[in-house]
Amino acid sequence: MKSHIVNEMRLTIPSKSINESYARYAVSAFVGQLDPAVDELGDIRTVVSEAVTNCVVHAYRETEGKIYICAKYYDDGRVVIQIKDRGCGIPDVKKAMEPLYTPDESGERGGMGFAIMESFTDKLKVRSCAGYGTTVTMTKRIKK
């Protein structure tokens, strides 16, 4: 039996670090309609924060662009969150997903963003094209 979208939200924000908390709360408020457990909601907040922070810090670096957020939930309890930018892209997604890898040469970044997203979701998909941007799609099943 095919699942169907019950509800969805879309949000476009400038890639400013101040908007990371706004994105986190907007998506968690949307997912809150499913009455998730506290830890499930915490996981959602964390992965949204990580993905948006990646857009601000890495995708647009010294410039500003747009971050596109889409969240959907399905009748089978799945929540799918997609966070997309049109920034510089990731030349080697496989390498970027390795724990502790960071393109930040200053050493200030820990390189754990994708590892955290992967461990807090049921499925993580990262698509990127150098010069065109990155799309991170995260799926989490909310238990009833």
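**Exercise 1. Charges**

Work out how many positive and negative side chains the protein chain has, and how far apart the centres of the two sets lie.

*Solution.* Keep in mind that this is a predicted model. Begin with the tally: the protein chain carries 21 positive and 19 negative side chains. Then take the centre of each set; these two points lie 7 Å apart.

**Exercise 2. Fold and overall dimensions**

Read the order of helices and strands along the protein chain, then decide how its radius of gyration stands against the globule rule.

*Solution.* Step one is the inventory: the protein chain holds four helices and five strands. Step two is their order, which runs β-α-α-β-β-α-α-β-β along the sequence. Step three is the radius of gyration: at 15 Å, it is close to the 15 Å that the globule rule gives for 144 residues, so the protein chain is as compact as a globular protein of that length. To picture the extent, imagine a box of roughly 45 × 30 × 25 Å along the principal axes, filled by the C-alpha atoms.

**Exercise 3. Surface, burial and contacts**

Find what share of the 144 residues counts as buried, and what share of the contacts with a separation of 6 or more joins residues 24 or more positions apart.

*Solution.* Start with burial: 45% of the 144 residues count as buried. Next comes the accessible surface, about 8200 Å², with 50% of this area belonging to carbon and sulfur atoms. Finally, turn to the contacts with a separation of 6 or more: residues 24 or more positions apart account for 65% of these.

**Exercise 4. An aromatic pair**

Classify the pairing of Phe-30 and Tyr-73 by the geometry of their rings, and say which elements the pair ties together.

*Solution.* The count of aromatic pairs comes to one. The ring centres of Phe-30 and Tyr-73 are 5.2 Å apart and the planes meet at 45°, so this pair is tilted. Now place the partners: Phe-30 lies in helix α1 (residues 19–31) and Tyr-73 in strand β2 (residues 66–74), so the pair ties together parts that are 43 residues apart in sequence. As for accessibility, both Phe-30 and Tyr-73 are buried.

**Exercise 5. A residue in strand β2**

Is Ala-71 buried or exposed, and which residues does Ala-71 touch beyond four places away in sequence?

*Solution.* First locate Ala-71, which lies in strand β2. Its relative accessible area is 0%, and buried means under 20%, so Ala-71 is buried. Next, list the neighbours: leaving aside residues up to four places away, Ala-71 touches Asn-7, Glu-8, Met-9, Val-27, Phe-30, Val-80 and Ile-81. Notice that Phe-30, one of these neighbours, is also a member of the tilted pair. For one more distance, go from Ala-71 to Thr-121: they are 50 residues apart along the chain, and their C-alpha atoms are separated by 14 Å.

**Exercise 6. Loop residues**

Determine the sign of phi at Asp-35 and at Arg-61, then decide whether Pro-91 is buried or exposed.

*Solution.* Here is the background: most residues other than glycine have a negative phi. Asp-35, although not a glycine, has a positive phi of about 55°. Asp-35 sits in the loop between α1 and α2 (38–59) and is exposed, with a relative accessible area of 65%. Arg-61 also has a positive phi, near 40°, and is found in the loop between α2 and β2. Pro-91 belongs to the loop between β3 (78–85) and α3 (93–96), and at 79% relative accessibility Pro-91 counts as exposed. Lastly, Pro-91 and Ala-59 are 32 residues apart in sequence, with their C-alpha atoms 11 Å apart in space.

Notes
Residues numbered from 1 in each chain as written. Predicted model: local features only at pLDDT ≥ 70, side-chain atom pairs only at ≥ 80, totals over all residues. Heavy atoms only, no water. Helix = DSSP H or I, 4+ residues; strand = E, 2+ residues; numbered from the N terminus. Rg over C-alpha atoms; globule rule 2.2 N^0.38 Å. Buried < 20%, exposed > 50% of the residue type's maximum accessible area, 1.4 Å probe, protein only. Contact = heavy atoms within 4.5 Å. Areas by Shrake-Rupley, 256 points an atom, 1.4 Å probe, with all protein chains shown as cover. Lys, Arg positive; Asp, Glu negative; His and termini not counted. Charge placed at Lys NZ, Arg CZ, Asp CG, Glu CD. Phe/Tyr/Trp six-rings, centres within 6.5 Å; stacked < 30°, edge-to-face > 60°.
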